[in-house]
Amino acid sequence: MTRTRLLQQLEEEKCWDLLVIGGGATGLGVAVEGASRGYRTLLLERDDFGSGTSSRSTKLIHGGVRYLQQGNLSLVLEALHERGILIRNAPHLVHNLSFVVPLYDWWEGPFYGIGLKLYDMLAGKLGLGPSQILSREETLRRIPTVEPAGLRGGVIYHDGQFDDARLAVALARTCADLGGVPLNRMEVAGFLKGEGLVRGVAARDRESGREYEIEARVVVNAAGPSCDAIRQLDDPGAQPVISPSQGVHLVLPRESLPGDSAIMVPHTDDGRVLFAVPWHERVIVGTTDTPVDRVTAEPRPLAAEVEFLLEHAARYLSRDPGKADILSVFAGLRPLVRGEAVNTAALSRDHTIMVSTAGLVTITGGKWTTYRRMAEDTVNSAVRLAGLEERPSRTADLPIHGWLAKGGVDGEWAMYGAEAAALEELCAVQPALRRQLHPRLPYRLAEVVWGVRYEWARSVEDVLSRRTRALILDARASMEAAPEVAALMATELGRDEVWQAAEVAAFRTLAEGYLP
């Protein structure tokens, strides 16, 4: 389904049942939930699917060990249940990963051992494997570069890992598979109202400049950290409900953490959990929790945050990382709901649904792991508000686009699941597309073409940041690959050399912010 065809569908439909603002995890989940129930569903995303917070996570689908520490058992239970559902529905994108908690004090073994057994118990039949105490020798075997001085042993447990941006794209395609219309580069500029109630939106196509007035039975604001700005389009006097918090991650070479296990440190100096996680043959170290005053499309890591992560990584890794080792550093904003907590690390990750006087439904808070449950709750609320025919949720058993009946796919096309064969066929028809995008990146030119043709990639950033994860894996290498990506995209999209030059310049400016 091309973007041109999606725009045609937008013009053909007189009134949508459900209109969703925001194409991150929450908005995409709401759109899939709505379309799967048979409601006429439209999703409008200002930039690109998953371009904000939803592509800047720690890449974990987890119950939340930290929430267990806080005593929030209901959130842990819900997240563990949703983790199991997601691994079942998207096995090409989500998998089991073992985590080791290194132990340096005598009391840590019983303390964390009992806590993680409770974690196992809460997961029930959807558990991924039992936790257990490890000897010092077994801990060093599983994480060879853990700091050996004073090491007593470890505790191993299991959680889920995923590729956030690839899941976002897969959800957009699932929405389209179900008859929904997901459109990127569509900015909501205001609301249409009748008798004081929201009846739709005024939107602008950021590519063509064309403006639309779109009617809908109910509108859902799922704009993440920008949800207050959307609420204020509806009601200029609406008080902010978001306390944005910045989370920063470092990307290091794989040599920093060889082996198949991640490291989890339960308590850092600022009270957060620290992870060092193997991902796409790199290691992600994160995260921070820094309150910020304003929401920006491209939050920048602070020098103090980078130093904080390097310092803590050095405490637990025998190969102390320095700035020269950092391949990329990225930041994302959490849409935390305001509360009485004194710091954002203590604010709840539960989701909140609000309905304005004019009938705008806002969903905020939450996290990737619980996106499906958030969407189910939101659509239930929207359906009741709009007086739509009530229909049961189907998403607990709904395969995500790319799902394979016989399990996953091995090899370089694994993330594409059922479409791996089509990518292989594309390379067979055009052998030049099999060439590697860059010597330091695990991608091929075919993925650029695929992203444009089938995944609505519209810019060099879309391809290098989200259709592939080149920008995160190696910011410098992605900058070097940008000209060839622009040339390939220009051929597919019918763009000229001026467009190519502008795209390369814009991407390089962006990528410089990912360098330490």
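For the residue classes used below, Ala, Val, Leu, Ile, Met, Phe, Trp, Tyr, Cys and Pro count as nonpolar, Asp, Glu, Lys and Arg as charged, and the others, Gly among them, as polar. The exercises concern a predicted model.

**Exercise 1. The second largest pocket**

Determine the volume of the second largest pocket, the residues nearest its centre, the strands that supply its lining and the classes of its lining residues.

Solution.
- Step 1. The space in the second largest pocket comes to about 720 Å³.
- Step 2. Its lining consists of 31 residues, and His95, His280, Glu281, Ala414 and Met415 lie nearest the centre.
- Step 3. At least two lining residues come from each of strand E4 (94-103), strand E6 (153-162), strand E13 (274-279) and strand E20 (441-444). With three residues, E4 gives the most.
- Step 4. Sorted by class, the lining of this pocket has 14 nonpolar, eight polar and nine charged residues.

**Exercise 2. The cavities**

State how many cavities of 30 Å³ or more are counted, and describe the lining of the largest cavity and of the second largest cavity.

Solution.
- Step 1. The count gives four cavities of 30 Å³ or more.
- Step 2. The largest cavity holds about 110 Å³ of space. It is lined by 15 residues, with Leu86, Tyr371, Arg372, Thr395 and Ile400 the closest to its centre.
- Step 3. Two or more residues of this lining come from each of H2, helix H4 (73-89) and H10. H4 gives the most, with four residues.
- Step 4. The lining of the largest cavity comprises eight nonpolar, four polar and three charged residues.
- Step 5. In the second largest cavity there is about 80 Å³ of space. The residues that line it are His92, Leu93, Arg166, Val169, Ala170, Arg173, His401, Met415, Tyr416, Glu419 and Glu455.
- Step 6. That lining divides into five nonpolar, two polar and four charged residues.
- Step 7. Met415 links two exercises: this residue lines the second largest cavity and is among the residues nearest the centre of the second largest pocket.

**Exercise 3. The packing of H2 and H10**

Classify the packing of helix H2 and helix H10 by angle, give the handedness of the crossing and identify the residues that meet.

Solution.
- Step 1. Helix H2 (residues 25-36) packs with helix H10 (residues 371-386) at an angle of about 60°, and the axes are 8 Å apart.
- Step 2. H2 is therefore oblique to H10.
- Step 3. The two helices cross in a right-handed sense.
- Step 4. From H2, the residues Ala25, Thr26, Gly29, Val30, Glu33 and Gly34 meet Tyr371, Arg372, Met374, Ala375, Glu376, Thr378 and Val379 of H10.
- Step 5. This contact of H2 with H10 contains six nonpolar, four polar and three charged residues.
- Step 6. Tyr371 and Arg372 take part in the contact with H2, and these residues are also among the closest to the centre of the largest cavity.

**Exercise 4. The packing of H4 and H5**

Carry out the corresponding analysis for H4 and helix H5.

Solution.
- Step 1. H4 and helix H5 (residues 108-123) pack at about 60°, with 9 Å between their axes.
- Step 2. H4 and H5 are therefore oblique to each other.
- Step 3. The crossing of these helices is right-handed.
- Step 4. Leu73, Val76, Leu77, Leu80 and Arg83 of H4 meet Tyr119, Leu122 and Ala123 of H5.
- Step 5. The contact has seven nonpolar residues, no polar residues and one charged residue.

**Exercise 5. The packing of H13 and H16**

Classify the packing of helix H13 and helix H16 and assign the residues of their contact to classes.

Solution.
- Step 1. An angle of about 40° separates helix H13 (residues 460-467) and helix H16 (residues 497-512), whose axes are 9 Å apart.
- Step 2. H13 is therefore oblique to H16.
- Step 3. Val460, Glu461 and Leu464 in H13 meet Glu503, Phe507 and Leu510 in H16.
- Step 4. By class, four residues of this contact are nonpolar, none is polar and two are charged.

**Exercise 6. Backbone geometry in two loops**

Locate the cis peptide bond, and place Lys59, a residue with positive phi, in its loop.

Solution.
- Step 1. The cis peptide bond joins Gly286 and Thr287, with omega of about 10°.
- Step 2. Thr287 belongs to the loop between strand E14 (282-286) and strand E15 (290-291).
- Step 3. Lys59, a residue other than glycine, has a positive phi near 70°.
- Step 4. Lys59 lies in the loop between strand E2 (41-44) and strand E3 (60-61).

Technical notes:
Residues numbered from 1 in each chain as written. Predicted model: local features only at pLDDT ≥ 70, side-chain atom pairs only at ≥ 80, totals over all residues. Heavy atoms only, no water. Axes fitted to C-alpha atoms, helices over the stretch in contact; angles between N-to-C directions. Parallel < 35°, antiparallel > 145°, perpendicular 65-115°, else oblique. Left-handed = near helix turned anticlockwise from the far one by under 90°. Contact = heavy atoms within 4.5 Å. 1 Å grid on protein atoms, 1.4 Å probe; cavity = no way out; pocket = protein on both sides within 12 Å on 5 of 7 lines; lining within 4 Å. Points joined across faces, edges and corners; volume = space filled by probe spheres on them.
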